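Got a few minutes to walk through a protein model together? Have the structure open and ready to turn.

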Amino acid sequence: MHDFFSKMNEAYVQKHFPDGSVFEGAMKTGRRRSLGGIVFFGLFFAATLCGLVWGIGRTLQFVSNGEDDMLSVGIVVCGFFGVILLVCLLILIFLIRGSRQKRGDYIANSAKHSQLPVSEIEAFERQATASDCYILTLTAGLDRALSNATNKDGLLTRDYIYLADPAQTVIRVDSLKACCLSDYTYCINTGKRHKKIHCLAIYLIASNGVSVLSDTTEKAGRALMALLKQRNSAIDTNDGSVLPEGAFDSYKKRVLEGR
């Protein structure tokens, strides 16, 4: 178990939660990502704007030269750059708003997605830096490097579990209805053909209908299921079987309805 889970310690807190706050750490991660996106889309916006200016100039030349047959081409080019410019602008506005979010905004968003009161989210955060909190290392290698989680590790406190998903979902362990493994796939282009890659995720389902997932290795996922079963023996684990791709929704409905 120690390969996947370890107890919280001061060194980890200082590295990942230097202000003693899980959401402060998530905010800083989100802000770095937003700033990177702002730079990328800002450059793309500038390039698209240049393209639009060029397109407008060419269209005006067609008009002044009486090249009516080329006018429609110029309009299409301007329209294309205009649409791309608008999309870039909307993305930039979204990223800028994201970069301005404060810790309180993250807590409020977490409470909303978790369907828990803010007081519960704050209680989770206080427990997260305590010495009895488990650090959950569910992924390794490339999966860990490519994870979109705001923290690479999940957390299991006295009363809550948190897998650091982008929505910052927090679930009470005593409200867990299910913890199971599920298969999913994605395709990569190898040049000559598309190759399907199988991956493994662990799903958590709470009694209030909230669900969250995280990529996991099979050993880590099964270790987490065993650990949670010690805390809440009523948790459904699908008898340890891996859900096939596309079966999660029906499984979730069955678990919540108690069938």
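Here's a tour that runs from overall form to the cores, the surface and the charged pairs.

**Overall form**

First off, keep in mind that this is a predicted model. The protein is built with eight helices and eight strands. Its radius of gyration comes out at 24 Å, whereas a compact globule of 259 residues would sit near 18 Å. Along the principal axes, the C-alpha atoms take up a box of roughly 80 × 45 × 35 Å.

As for what's tucked away, 42% of the 259 residues count as buried. If you look at contacts with a separation of 6 or more, 64% of them join residues 24 or more positions apart. On the outside, the protein exposes about 14300 Å², and carbon and sulfur atoms supply 58% of that.

**The nonpolar cores**

The largest nonpolar core has 26 residues, and the members that touch the most others are F5, L136, I161, L204 and L228. Which elements give two or more residues to this core? They are β2 (134-136), β6 (176-189), β7 (194-206) and α7 (218-231). The largest share comes from α7, with six residues.

Another core lies apart from this one; it has 23 residues, including F124, C133, I135 and Y162.

L204 is a good residue to click on. Setting aside neighbours within four places in sequence, L204 is in contact with I161, L163, I171, L176, A178, C179, V210, S211, V212 and L228. Two of those partners, I161 and L228, also appear with L204 among the core members that touch the most others.

**A greasy spot on the outside**

Now turn to the surface. L86, L89, L90 and I93 make a nonpolar patch of about 350 Å² there. To find it, look for helix α3 (residues 68-99), where L86 has its place.

**The charged pairs**

Side chains of opposite charge can pair when their charged atoms come close. How many salt bridges does the protein have? The count comes to four. Three of them are set out here, with the N to O distance and the relative accessibility of each partner.

| Salt bridge | N to O distance | Relative accessibility |
|---|---|---|
| R158 and D132 | 3.2 Å | R158 46%, D132 26% |
| R172 and D174 | 3.0 Å | R172 22%, D174 55% |
| E218 and R222 | 3.0 Å | E218 42%, R222 31% |

Start with R158 and D132, whose side chains meet in a salt bridge. This pair links distant parts of the chain, 26 residues apart: R158 is in the loop between β3 (154-156) and β4 (160-162), while D132 is in the loop between α5 (118-128) and β2. R158 counts as partly exposed because its relative accessibility is 46%, and D132, at 26%, is partly exposed too.

The bridge between E218 and R222 stays within one element: both lie in helix α7, four residues apart, or about one turn of the helix. E218 is partly exposed at 42%, and R222 is partly exposed at 31%. Recall that α7 is also the element with the largest share of the 26-residue core.

That leaves R172 and D174. Is D174 buried or exposed? D174 counts as exposed, because its relative accessibility of 55% is over 50%. R172, at 22%, is partly exposed. The story here goes beyond a pair, though: E120, R172 and D174 are linked in a network of salt bridges.

Technical notes
Residues are numbered from 1 along each chain as its sequence is written. This is a predicted model: local features need pLDDT of at least 70, side-chain atom pairs count only at pLDDT 80 or more; totals for chains, interfaces and linings use all residues. Side-chain values use heavy atoms; hydrogens and water are left out. A nonpolar core is a set of buried Ala, Val, Leu, Ile, Met, Phe, Trp, Tyr and Cys residues joined through side-chain atoms within 4.5 Å. Buried means under 20% relative accessible area, exposed over 50%, partly exposed in between (1.4 Å probe, protein chains only). Contact means heavy atoms within 4.5 Å. Patches are made of residues with over 30% relative accessible area and no salt bridge: like charges are joined within 9 Å, nonpolar side chains (Val, Leu, Ile, Met, Phe, Trp, Tyr) within 5 Å. Accessible areas come from the Shrake-Rupley method with a 1.4 Å probe; for residues, only the protein chains shown count as cover. The radius of gyration is taken over C-alpha atoms; the globule rule is 2.2 Å times the number of residues to the power 0.38.
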